[in-house]
Each structure stands twice: as C-alpha cells, then as structure tokens.
Amino acid sequence: MGCGLLATGILGGLILVGSRRLSHLDAALVAYTFATLFATFGIAYRYAMWLQRPPTAMLWRRGWQVFLRPRALLRNLALLGHRLLVVFALNRFIWRRHVARGAAHWLIMAGTVLAVLITFPLVFGWIHFEAAAGEHGRYVTYVFGFPTLAFHVDSLLAGLVFHGLSWASLLVIAGVMLAMRRRMRDRDAAALQRFGEDFLPLMLLFSISVTGLMLVVSYEWMRGYAYEFLSILHAVTVITALLWLPFGKFFHIFQRPAQLGAAFYKDAGERGEQARCARCGEPYASLMHVEDLIEVERKLGYRYELAQRADHYQRVCPRCRRSLLALAQGRCFGGGAEEV
Amino acid sequence: MPVPADRHFFIDPRRCIGCQSCVHACSECDTHKGHSMIHLEYVGRGDSPQTVPTICMHCDSPTCAEVCPADAIKRTEDGVVQSARKARCIACSNCVLACPFGVPKMNVGFELMMKCDMCYDRTSVGLKPMCATVCPSQALCFGTEEEIRTLRPRSTFVHAFRFGQQTISTKVRVMVPKESEVLSLDVTAALNEEEAKDPMAAMFTEGNP
C-alpha cells in the first residue's frame with residue numbers, strides 16, 4: 001500500500017512541476033490524468049506484492065547483486081545495452097517462436113510505446129504547443145515549460161508530430177489483426193486461450209485505436225461530425241484500459257524487465273562454481289542457483305530434505321530424478337527397474 | 001473445455017521398450033508444434049536396456065509453479081499444469097531445476113520454459129494424448145480407472161510420491177503390483193539403496209555440501 005501511495009505521490013508531484021502548477025494542464029484531459037494516477041497506484045501496489053513472493057524476492061535480490069558486482073559492472077552495462085536492444089526493442093525471442101507471433105507483438109508494442117510517449121506527457125502537461133509570437137503558422141514545443149523544437153504547421157515534421165497517435169493506431173491495429181488471426185485459426189490457441197487473459201486486451205487495444213482514428217476522420221473530413229460523442233467514447237476505452245493495467249495481461253509489461261535480472265543471474269551462475277549431481281556426479285546447474293532454490297523451497301514450505309546421500313533432493317540432477325521414478329516403481333515389483 | 005474428470009494418464013515404465021514412438025508423436029502436438037516434451041532415457045545403460053518415458057505428472061501442488069518468480073505456470077481447474085505462459089515466462093530455469101520429476105525443458109532461443117501439457121488441444125476435446133495414442137506397449141496409457149483395471153488385473157496404481165520428507169500427489173498415475181499394497185512411491189529410497197549397494201558412491205557426494 002505504501003509503495004502504491006509513494007509512486008502515486010511522486011507522479012502527482014511531477015505533474016505539478018511539469019505542468020507549472022497545472023497552468024498547462026489540458027482540462028479536457030483531466031479524466032485521463034486521474035485514471036493514470038489510479039493505474040500508477042495499482043501497478044505499484046501489485047508490483048510490491050509480487051516482489052514479496054519468495055522466488056521473486058530471491059531473483060530481485062540476486063539479480064541486483066550480480067548486476068552491480070564491481071568486477072562485472074562494465075561488462076554488465078554493455079550487456080544491458082545489447083539486451084535492451086535485442087530483447088526489448090527488437091523482441092528477438094518472440095520472432096524466434098514464430099514470425100507471425102513476433103510481427104503481431106512487435107507492431108502492438110511499437111504502436112503502444114509511441115502512443116504512450118505522446119499521450120502521457122500531454123496528459124500530465126509536460127508537453128504543450130504554442131503559436132510562436134509574430135510568426136504566423138509556426139509552433140513552439142514546450143517541454144516542462146521550457147521552449148524547445150519549433151516547426152511550421154504545414155511542414156512534414158508537423159504532420160508526423162500532430163498525427164503521431166494516428167500512426168500509433170495503425171501499428172496497433174495491424175498487430176491486433178495478426179494476433180486475432182492466430183487466435184481464431186490455431187488449434188493450440190483454441191485450446192489454451194481465455195477471454196479475460198487473451199481476447200480482452202486485444203479488444204481494448206483495438207477499440208482505443210479505432211475510436212482514436214474516428215476522431216481524426218471526424219475533424220479532418222467530416223467537419224467534426226459526432227466529435228463530442230466520439231471523444232467521450234475514446235476516453236471510455238482509454239480509461240478502461242488504464243484502470244485494467246494492474247490486473248490483467250498488460251501487467252506483463254512491468255514484469256518483463258525481470259527477464260534481464262534472470263539473464264544476469266544465469267551469466268553469474270555460469271561463471272561461478274557448478275553443482276554436481278549427488279547421484280551421477282555430473283555438473284547440472286550453478287551451485288548458487290541450487291542453493292537459492294533450496295532456500296526458496298524451504299520458505300514455500302516444501303520439505304525435500306534427505307537423510308542420506310545428500311542433504312536435499314535439489315542436489316539430484318533432473319536426469320537422475322527421471323531415472324529414480326522408474327527405479328522406485330521397479331522396487332515395488334521386487335527389484336530395480338532393470339531387473340524386471 | 002476441461003479434460004474429462006474420469007479419464008486419467010497411467011504410466012508403467014516397466015513396459016517401456018524404448019521405441020521412441022512417444023517422443024516423435026509428442027512433437028506433433030499443436031500446443032508445442034515440432035518440439036517433443038517427452039524425455040526418454042536409459043535407467044542404467046551399463047546394466048540394462050531398460051528405458052523410462054517421462055511426461056509431466058501434473059502435481060496437485062506443483063513445485064514448478066510455486067518457485068516461478070513470474071507466476072507464469074498455471075494449473076487449470078481440471079488439474080492440468082499448463083506450460084509456462086508465453087507473456088510471463090522470464091526463462092530463469094527455476095522450474096526446470098525444482099521439478100521433482102525432472103520434467104520441464106528450457107528452450108533457450110525462445111527464452112521460454114516448455115513442458116508436457118497432456119496434449120491439452122486433444123485431451124480437452126476428448127481425445128487421447130499423442131504419446132498414449134502411439135505407445136505400442138501401452139507403457140503410456142490414457143483412459144478410465146475401470147479400463148485400466150480390466151487391462152491390468154494384477155496391477156493397481158498410485159498417485160502419491162515421496163521425496164525425502166515431502167509427499168507430492170499428482171493427476172498422473174503410476175502402475176504398481178496389486179499385492180504390494182503401497183499407497184505412495186518412495187522415489188528417493190532408490191537413491192539410498194544405490195548408496196548402500198555402492199560404497200564408492202559416497203565419494204561423489206563428498207565434494208557437495
């Protein structure tokens with residue numbers, strides 16, 4: 001609860017500072033601002049609860065420990081840049097799973113990130129545009145109240161900036177179409193998908209994008225026909241998605257950076273001492289990982305302690321565990337599995 | 001649709017002839033297309049040709065799910081422990097190392113844990129899993145308890161397994177002789193007996209804490 005309030009308080013403070021005490025806050029966007037503050041509270045609260053689970057707490061602690069080790073820090077920073085590019089920006093691991101899956105995810109991600117980068121600074125009053133004094137048709141971009149980029153209203157840059165959300169919508173719609181196609185055709189998707197987990201997020205993204213584009217169509221080509229209704233409809237879709245952020249599939253956006261911690265943890269494990277199986281004597285994992293899992297399992301209430309051969313079942317490699325089941329079954333028939 | 005409550009997986013490693021049919025059929029499953037989730041291994045190649053097929057046992061309280069930091073592994077209401085959710089798995093390998101039966105596989109390229117999900121695309125619509133469909137010796141058998149009692153009149157089954165002080169109950173059943181009257185299989189007892197037979201084995205463990 002404290003984490004949620006703290007995060008919400010920090011964002012509220014940044015809104016006050018960035019909008020110059022709300023003087024640049026767009027009154028038409030206040031509903032979005034409050035929905036974002038609620039989402040921030042929910043996300044921070046759920047994240048803090050998630051970090052309290054024993055395996056998550058262990059990975060969080062170990063991930064930072066191995067990342068910040070002075071001897072490995074430079075290498076880790078270089079690896080961090082590489083991983084941010086290939087894992088987060090390019091989604092290489094999802095493209096490897098399937099081209100259509102990779103394309104769908106990348107398009108949705110790119111469109112959403114673009115929309116977020118445009119929408120939130122506008123909603124918080126961090127960015128606003130003003131006509132340049134004495135220069136007809138020229139606009140100045142103010143960031144946190146400071147004048148920055150200026151451009152003419154008819155320039156290519158103006159077209160790109162003012163229609164940024166339209167480009168984002170088109171990317172998201174293309175991604176949603178690909179994802180929906182897979183969900184409606186593939187037998188694995190048919191067996192495993194759930195409405196709330198898999199269809200609802202796609203429907204939300206689609207409705208946000210389409211209603212946003214309808215606003216553009218209304219004011220560009222239909223002289224503002226039904227604009228007020230459309231703007232309320234669009235706000236409803238966006239606010240629903242914001243309120244749902246902490247609870248549904250979208251929360252994976254905030255969990256996903258843990259993948260970086262896991263990667264650095266594995267790197268450190270590979271360079272460190274290896275655990276050898278108590279049965280076959282072969283190395284099978286990093287000793288750090290095995291010791292950490294023993295601690296996590298104890299905290300979770302599992303009692304895999306052994307009386308002989310090793311102190312804990314975690315010290316037997318997965319391959320030997322598979323053989324042991326057959327041997328145990330064989331014992332019931334009066335001998336080892338190989339003797340039956 | 002859930003897997004029918006009266007249909008169960010029965011495995012009998014003693015009947016396995018190591019033909020690899022299950023391994024190849026498994027990769028035909030739609031939920032993990034082209035990737036076989038079955039482990040088929042020799043129990044002790046030097047002594048015997050005995051092989052053991054390993055599928056997911058679908059634990060009632062899955063250790064793999066409990067140790068997952070990303071909460072990516074879910075057990076559906078029909079008792080099937082599903083493969084890691086693609087949006088959540090962070091490829092930490094906790095599940096691979098923690099599973100008491102040695103089931104999950106880590107696909108490094110995909111950065112994703114994959115495992116047997118009892119061919120959910122098939123079992124959820126009333127079909128048998130691929131491996132049980134093709135197994136010629138029926139070491140892997142899928143059916144009702146009545147069917148297995150008719151097919152194997154001298155055997156019964158257990159679905160509780162002991163690992164040291166921990167007992168794990170599962171959806172999947174393992175066949176045992178009827179006269180043995182065991183209620184649970186002591187998996188780690190085999191480990192201890194091996195040590196008793198082979199005093200040199202203790203040397204392996206000296207380097208381990």
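Helices here are DSSP runs of H or I with at least four residues, and strands are runs of E with at least two.

**View 1. The whole of chain A, a predicted model.** Chain A comes out with 15 helices and five strands. Its radius of gyration is 27 Å, well over the 20 Å that the globule rule gives for 340 residues, so chain A is more spread out than a compact globule. Lay the C-alpha trace along its principal axes and you get spans of about 95 × 50 × 35 Å.

**View 2. Inside and outside of chain A.** Of the 340 residues, 47% count as buried. Looking at contacts with a separation of 6 or more, 57% are between residues 24 or more positions apart. On the outside, chain A exposes about 17,600 Å², and carbon and sulfur atoms supply 68% of that.

**View 3. Helix α4 of chain A, end to end.** This helix takes in residues 73-89, which makes 17 residues. At 1.5 Å a residue it should span 24 Å, and its end C-alpha atoms sit 22 Å apart, which agrees. Where does α4(A) bend? Look at A:Arg83, where the bend is about 30°. Just after the helix, A:Asn91 takes a positive phi of about 55°.

**View 4. The buried residues of α4(A) and their cover.** A:Arg83 turns up again here: besides marking the bend, A:Arg83 is buried, along with A:Asn76, A:Val86 and A:Val87. An α-helix has 3.6 residues a turn, so residues three or four places apart point the same way. Which helices help cover these buried residues? Among them are α3 (54-67), α5 (92-97) and α13 (258-271) of chain A.

Technical notes: Residues numbered from 1 in each chain as written. Chains lettered and ligands numbered in written order. Predicted model: local features only at pLDDT ≥ 70, side-chain atom pairs only at ≥ 80, totals over all residues. Heavy atoms only, no water. Expected span 1.5 Å × (residues − 1). Bend = angle between axes of the 7 residues up to and from the residue. Buried < 20%, exposed > 50% of the residue type's maximum accessible area, 1.4 Å probe, protein only. Contact = heavy atoms within 4.5 Å. Rg over C-alpha atoms; globule rule 2.2 N^0.38 Å. Areas by Shrake-Rupley, 256 points an atom, 1.4 Å probe, with all protein chains shown as cover.
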